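Work through the exercises below with the structure open beside you, and try each task before you read its solution.

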Amino acid sequence: MAEDLIIIKTESKEEQYQSLIPQIEALIRGEDDLTANLANISAALKEQFDWLWVGFYLVKEDELVLGPFQGPVACTRIKLGKGVCGKAWQDAETIIVEDVDKFPGHIACSSASRSEIVLPLFSGDVVIGVLDADSADLSQFDETDKVYLNQIINLIQL
Ligand code: SME
């Protein structure tokens, strides 16, 4: 397996995702270790988009616990319903936050974060974790990110 990613720099998010997704698929194909795959997905997304923070929280008992990520150090544990991550877990739905200061209960792991997207990770009908991405820019994330990030997490064998 070649470990170097081809990173295209273009204004189009769609083109960036369309270039990245087959590479992520190749990276994790044949590997069934969840930690390894989440680590490589985090690294690939960070390299392509250079967001402030991107990574995973995994459900352990009654909390989300920090998993593989790229970016500044982050909060270790998040309770059900708390912050954007805990709410996405509770509602089993993707949340796009255009301005984190306007999201009641947002947990500021980094004061530089301005906008965020959190997608639930399912095993069957059960949420077993979340993918969280944070940007230093307002309104960074939209429906396009939701669609393509969902495609990426659907590649993970759970
Ligand atoms: N902002 C998140 C916490 C996780 S960090 O952003 C990495 C939240 O409100 O749940």
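**Exercise 1: Two hairpins**

In this predicted model, strand 1 and strand 2 form a hairpin with two residues between them, and Glu61 in that turn has a positive phi of about 55°. Find how strand 1 and strand 2 run, and then follow the pairing on to strand 3.

Solution. Begin with strand 1 (residues 53-60), which is joined to strand 2 by six bridges, the two strands running antiparallel; here Val59 stands opposite Leu64 in strand 2. Next, go on to strand 3, with which strand 2 pairs in the antiparallel sense over three bridges, and note that Leu64 stands opposite Ile78 in strand 3. Finally, look at the turn: strand 2 and strand 3 form a hairpin with six residues between them, and Gly71 in this turn has a positive phi of about 130°.

**Exercise 2: The cysteines**

Decide which cysteines form a disulfide, and explain why Cys85 has no bond to Cys109.

Solution. First, compare the sulfur distances with the cut-off of 2.5 Å: the sulfur atoms of Cys75 and Cys109 are 2.0 Å apart, and these two residues form a disulfide. Second, place the pair: Cys75 lies in the loop between strand 2 (63-70) and strand 3 (77-79), whereas Cys109 lies in the loop between strand 4 (95-97) and strand 5 (115-123), so the disulfide ties together parts that are 34 residues apart in sequence. Third, take the torsion about the S-S bond, which is about -110°, so the disulfide is left-handed. Last, turn to Cys85, whose sulfur is 7.5 Å from the closest cysteine sulfur, in Cys109, and this is too far for a bond. Cys85 is buried, with a relative accessible area of 4%, while Cys109 is partly exposed at 35%.

Notes: Residues are numbered from 1 along each chain as its sequence is written. This is a predicted model: local features need pLDDT of at least 70, side-chain atom pairs count only at pLDDT 80 or more; totals for chains, interfaces and linings use all residues. Side-chain values use heavy atoms; hydrogens and water are left out. Helices (H or I, at least four residues) and strands (E, at least two) are DSSP runs, numbered from the N terminus. Buried means under 20% relative accessible area, exposed over 50%, partly exposed in between (1.4 Å probe, protein chains only). Two strands pair if DSSP finds at least two bridges between them.
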